[in-house]
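Here are some exercises to work through with the model open beside you. Try each task before reading its solution.

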Amino acid sequence: MFLMGDLRDWSPEPNGVSSEERASSSSSSSSNQAGIAAEYWQKAEEATQGIIAQVQPTVVSEERRKAVIDYVQRLIRNYLGCEVFPFGSVPLKTYLPDGDIDLTAFGGINVEEALANDVCSVLEREDHNRAAEFVVKDVQLIRAEMDIYAPYGRFSTVERPE
């Protein structure tokens, strides 16, 4: 398998003929070389599409991620009155099939510490809710400065019940 690149660097030399010898060959040979180059481009395009098909979001994964995001947004909005937004690879649709869902909550100025604790409490409460739309488990508040948009790290795992 290969990725797109300068295909001229690895195109086979027919019968060991050098580039200079090919340049002096007939026009029918030149059109044959163009056909070979087009064939390599087609193979490269097919390989690239195969890779993209393996890692791009599917309709099912998009729907599942949207359902989880909606669920967490409703939880946090209903209990805390804060807005929750996806960021990073999720809205860009550049996540891998098993990639996590990055969310950030906005609750006002200078409330990061209280908001982090409150979000953790809401998720812990949902961890014990047997009637929940999704199973929330392994709720942890990890105090890790990541960047300006997500200063408190990961909170929990959310899964659909089986």
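**Exercise 1. Decide whether V122 is buried or exposed, then describe its surroundings.**

Solution. Please keep in mind throughout that this is a predicted model.

Step 1: V122 has a relative accessibility of 2%. Buried means under 20%, so V122 counts as buried.

Step 2: Place the residue in its element. V122 belongs to helix α5.

Step 3: List the contacts, leaving out residues up to four places away in sequence. V122 then touches L75, I76, Y79 and L80.

Step 4: Add a distance along the backbone. N78 is 44 residues from V122 along the chain, and their C-alpha atoms are separated by 10.0 Å.

**Exercise 2. Check whether the span of α3 agrees or disagrees with its number of residues.**

Solution. Step 1: Helix α3 covers residues 59-80, which makes 22 residues.

Step 2: The expected span is 1.5 Å times one less than the number of residues. For α3 this should be 32 Å.

Step 3: Compare with the model. The end C-alpha atoms of α3 are 31 Å apart, which agrees with the expectation.

Step 4: Look just past the end of the helix. G81, just after α3, takes a positive phi of about 70°.

**Exercise 3. Find which residues of α3 are buried, and look at Q73 among them.**

Solution. Step 1: The buried residues of α3 are S61, R65, A67, V68, I69, Y71, V72, Q73, L75 and I76.

Step 2: A helix repeat helps in reading such a list. An α-helix has 3.6 residues a turn, so residues three or four places apart point the same way.

Step 3: Turn to Q73, which is in helix α3. Its relative accessibility is 15%, so Q73 counts as buried.

Step 4: Setting aside neighbours within four places in sequence, Q73 is in contact with V84, F85 and P86.

**Exercise 4. Work out which residues touch the most other members of the largest nonpolar core, and which element supplies its largest share.**

Solution. Step 1: The largest nonpolar core has 17 residues, and Y71, V72, I76 and L123 touch the most other members.

Step 2: Both α3 and α5 supply at least two residues each to this core. The largest share, 6 residues, comes from α3.

Step 3: For background, nonpolar side chains tend to be buried together in soluble globular proteins.

**Exercise 5. Classify the aromatic pair of Y71 and F134 and say which parts of the chain the pair ties together.**

Solution. Step 1: There are 2 aromatic pairs in the model. In one of them, Y71 and F134 have ring centres 5.0 Å apart and planes at 50° to each other, making the pair tilted.

Step 2: Y71 lies in α3, while F134 sits in the loop between α5 (112-127) and β3 (135-137), so the pair ties together parts 63 residues apart in sequence.

Step 3: Check the accessibility of both partners. Y71 and F134 are buried.

Step 4: Look for charges over rings as well. R65 lies over the face of Y95, 3.6 Å from the ring centre, and R125 lies over the face of Y79, 4.7 Å from the ring centre.

**Exercise 6. Count the disulfides, then decide whether C82 and C120 are buried or exposed.**

Solution. Step 1: The count of disulfides comes to 0.

Step 2: C82 has a relative accessible area of 7% and is buried. C120, at 8% relative accessibility, also counts as buried.

Technical notes:
Residues are numbered from 1 along each chain as its sequence is written. This is a predicted model: local features need pLDDT of at least 70, side-chain atom pairs count only at pLDDT 80 or more; totals for chains, interfaces and linings use all residues. Side-chain values use heavy atoms; hydrogens and water are left out. Rings of Phe, Tyr and Trp (its six-membered ring) pair if their centres lie within 6.5 Å; planes under 30 degrees apart count as stacked, over 60 as edge-to-face and the rest as tilted. Helices (H or I, at least four residues) and strands (E, at least two) are DSSP runs, numbered from the N terminus. Buried means under 20% relative accessible area, exposed over 50%, partly exposed in between (1.4 Å probe, protein chains only). A charge sits over a ring if NZ of Lys or CZ of Arg is within 6 Å of the ring centre and within 35 degrees of the ring normal. A disulfide is a pair of cysteine sulfur atoms within 2.5 Å. Contact means heavy atoms within 4.5 Å. A nonpolar core is a set of buried Ala, Val, Leu, Ile, Met, Phe, Trp, Tyr and Cys residues joined through side-chain atoms within 4.5 Å.
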